[in-house]
Amino acid sequence: MGLTRKGLLRPLSAAVAMAATTVLVAGAAAAPVDVDPVEVAPAPGAAAPAPRADLSHHGYVSLWGDHIAIRIRSENRGPSDVTASTVRLRFSAPLAASQELPYGCLRGGKATVLCETGGLRSAGGARQTALDLTLAGSPDEVVVRLDTVWSGGARDTDRTNDVHEVLAPATGDAYAF
């Protein structure tokens, strides 16, 4: 299934709506980090709580001249399956105007690419995404920021393994994330 503007608007709108409902009360104590939240059964007729998943993105970035290569391995460590997810890559340097993007990827701005990972089963196989992009110039280094912007409606409580920032000097070496 291809990534469409319509498909992006719904997940991003859902993320914005969820962020808008977060309220912090002055003087309220934060819950301890090592305590799991209590699961409460929904009231009759109420929507079920969002499933939980743990999305993970790892790979490498390599930069030389005006060319940048990114390889991403996306997986879900569970406990619930994810029907679809979208990974966002933001670059500190603008991309060339003309790009050939792999199936399921689209431009999100002058220095942003969004790629769908498809469904990710809990503790199932990983999805591979390979991007070979051209930059507008030939910088000495580029910072690549990678994160999940849509997780199919699943709640990911461990964002440490799907949010990365990588500095890639123009050496042609692979820098892992």
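**Exercise 1. Arg73 and its partner**

Classify Arg73 by its relative accessible area, and determine which residue it meets in a salt bridge.

*Solution.* In this predicted model, Arg73 has a relative accessible area of 39%. Because partly exposed covers the range between under 20% and over 50%, Arg73 is partly exposed. The partner in the salt bridge is Glu75, with the two side chains meeting at 3.7 Å, N to O, and the pair qualifies because the cut-off for such a nitrogen and a carboxyl oxygen is 4 Å. Glu75, at 18% relative accessibility, counts as buried, so the bridge joins a partly exposed arginine to a buried glutamate.

**Exercise 2. A bridge between strands S3 and S7**

Find which strands are tied together by the salt bridge of Arg71 and Asp132, and how many residues apart in sequence the tied parts are.

*Solution.* The side chains of Arg71 and Asp132 form a salt bridge at 3.1 Å, N to O. Arg71 belongs to strand S3 (residues 67-76) and Asp132 to strand S7 (residues 127-134), so the pair links parts of the protein that are 61 residues apart in sequence. As for exposure, Arg71 is partly exposed at 25%, and Asp132 is likewise partly exposed, with 40% relative accessibility.

**Exercise 3. A bridge between strands S8 and S10**

Work out where Glu165 and Arg145 lie, and state whether Glu165 counts as buried or exposed.

*Solution.* A salt bridge joins the side chains of Glu165 and Arg145 at 3.1 Å, N to O. Since Glu165 sits in strand S10 (residues 164-169) and Arg145 in strand S8 (residues 141-150), this pair ties together parts 20 residues apart in sequence. Glu165 counts as exposed at 56% relative accessibility, whereas Arg145, with a relative accessible area of 31%, is partly exposed. The pairs treated in these exercises are among the five salt bridges counted.

**Exercise 4. Surroundings of Thr129**

Which residues does Thr129 touch, leaving aside those up to four places away in sequence?

*Solution.* Thr129 is located in strand S7, and at 10% relative accessibility it counts as buried. Its contacts, with that exclusion applied, are Ile70, Arg71, Ile72, Cys105 and Cys115; one of these, Arg71, is the residue whose side chain bridges to Asp132.

**Exercise 5. The whole chain**

What share of the contacts with a separation of 6 or more comes from residues 24 or more positions apart?

*Solution.* The protein holds one helix and eleven strands, and the helix comes before the strands when the elements are followed from the N terminus. Residues 24 or more positions apart supply 71% of the contacts with a separation of 6 or more. Of the 177 residues, 36% count as buried.

Definitions and conventions
Residues numbered from 1 in each chain as written. Predicted model: local features only at pLDDT ≥ 70, side-chain atom pairs only at ≥ 80, totals over all residues. Heavy atoms only, no water. Helix = DSSP H or I, 4+ residues; strand = E, 2+ residues; numbered from the N terminus. Buried < 20%, exposed > 50% of the residue type's maximum accessible area, 1.4 Å probe, protein only. Contact = heavy atoms within 4.5 Å.
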